[in-house]
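Me: I should like to learn how to read the pockets and the ligand site of a protein model. Could you take me through them in order?

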Amino acid sequence: MSETHELQALFGGTFDPIHNGHLTVGQELAAQIGVKEIILLPNNVPPHRPQPEASPEQRLKMVSLAIAGNPLFRLDCREMARTIPSWTIDTLEDIRAEKGPEQSLGFIIGQDSLLSLPHWHRWQELLNYCHLLVCKRPGYANQMETPALQNWLDTHLTRDIAHLHNTPAGTVFLADTPLVEISASDIRQRRHAGLSCADLLPAQVIKWIDSQGLYLA
Ligand code: ATP
């Protein structure tokens, strides 16, 4: 049998702010498939797209605070460090070049991101670089938008956890993670409306957001 390369999980997002939805599904997924570390990759949003409310520095700070003392998560600032916004495929190319062709990589997304995947830059190449690890999310369809896209998904699905660890890339795994009804946009709206966000994100992040007066204007 060939040597195995334990699955390395990556989790990209705007994290405006990071919240308990990200943390809970990440933790549950890791427990389910036996992942020891999840690398969080806050993204650099292209100027033509709606900008996050928090600055890049503030989004990084919130991620750092959220994962402080939690050995499952690690922050990777590479997307923010680039002078030009990068697509996920560029980041995956980068990480693949660093880790070599044998390393198994899993990119974590929510069900909403799976449905919008066909809008991602060079989306059909993503599976050349990683597996997609899809977490459930309440309120989103289970089926892809068109029969052709559903067929693409069906063709790439795996339920085999060992396969995720033993092959570098190429499949989609629909994880049995809990439905967590939390979104960053809801948190921002609640802040704007002066509503409490207790239990939606870690206490240390709420405290820091308060200290900055973030998401109030
Ligand atoms: P917004 O509400 O502003 O769109 P968001 O809550 O979706 O933000 P992002 O940082 O954009 O947060 O999400 C990063 C990734 O995490 C995406 O793939 C998204 O699908 C996933 N994700 C976010 N929240 C959840 C959740 N509650 N359950 C499962 N996946 C989630």
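Reply: The turns below treat the pockets, the ligand and then the backbone. This is a predicted model, in which local features need pLDDT of at least 70, side-chain atom pairs count only at pLDDT 80 or more, and totals for chains, interfaces and linings use all residues. Residues are numbered from 1 along each chain as its sequence is written, and side-chain values use heavy atoms, with hydrogens and water left out.

Me: How much space lies in the largest pocket, and which residues lie nearest its centre?

Reply: Rolling a probe the size of a water molecule over the atoms shows where empty space is left. On a 1 Å grid over the protein atoms alone, a pocket is an open set of points where a 1.4 Å probe fits, with protein on both sides within 12 Å along at least five of seven lines; lining residues have an atom within 4 Å of a point. A volume is the space filled by probe spheres set on the points, which are joined across faces, edges and corners. Here the largest pocket holds about 1400 Å³. Its lining has 49 residues, and Gly-13, Thr-14, Asn-43, Asp-112 and Ser-113 lie nearest the centre.

Me: Which element supplies the largest share of that lining?

Reply: Helices (H or I, at least four residues) and strands (E, at least two) are DSSP runs, numbered from the N terminus. The largest share comes from β4, with four residues.

Me: Where does the ligand sit?

Reply: A molecule sits in a pocket if more than half of its atoms lie within 2 Å of the grid points. The ligand sits in the largest pocket. A residue is near the ligand if one of its heavy atoms lies within 4 Å of it. There are 21 residues around the ligand, and Asp-112, Ser-113, Arg-137, Ala-184 and Ser-185 come nearest. Among the elements that each supply at least two residues of this shell are β1 (8–13) and α9 (184–192).

Me: Which polar contacts does the ligand make with Asp-112, Ser-113 and Arg-137?

Reply: A polar contact with a ligand is a pair of N or O atoms within 3.5 Å. An N or O atom in the side chain of Asp-112 is 2.5 Å from a ligand oxygen. For Ser-113 the corresponding distance is 2.8 Å, and a polar side-chain atom of Arg-137 lies 2.9 Å from a ligand oxygen. The protein covers 86% of the 600 Å² of accessible area that the ligand has on its own, by the Shrake-Rupley method with a 1.4 Å probe.

Me: What is the volume of the second largest pocket, and which element gives the most to its lining?

Reply: The volume is about 240 Å³. Fifteen residues line this second largest pocket, including Gln-111 and Val-134. The helix α7 gives the most, with three residues.

Me: Where does the backbone depart from the usual pattern?

Reply: Most residues other than glycine have a negative phi, and most peptide bonds are trans. The peptide bond from Asp-16 to Pro-17 is cis, with omega near 5°, and Pro-17 is in the loop between β1 and α1. Arg-122 has a positive phi, near 50°, and is found in the loop between α5 and α6 (126–129).

Conventions
A polar contact is a pair of N or O atoms within 3.5 Å; within protein, one must be able to donate a hydrogen and the other to accept it, and residues adjacent in sequence count only if both atoms are side-chain atoms.
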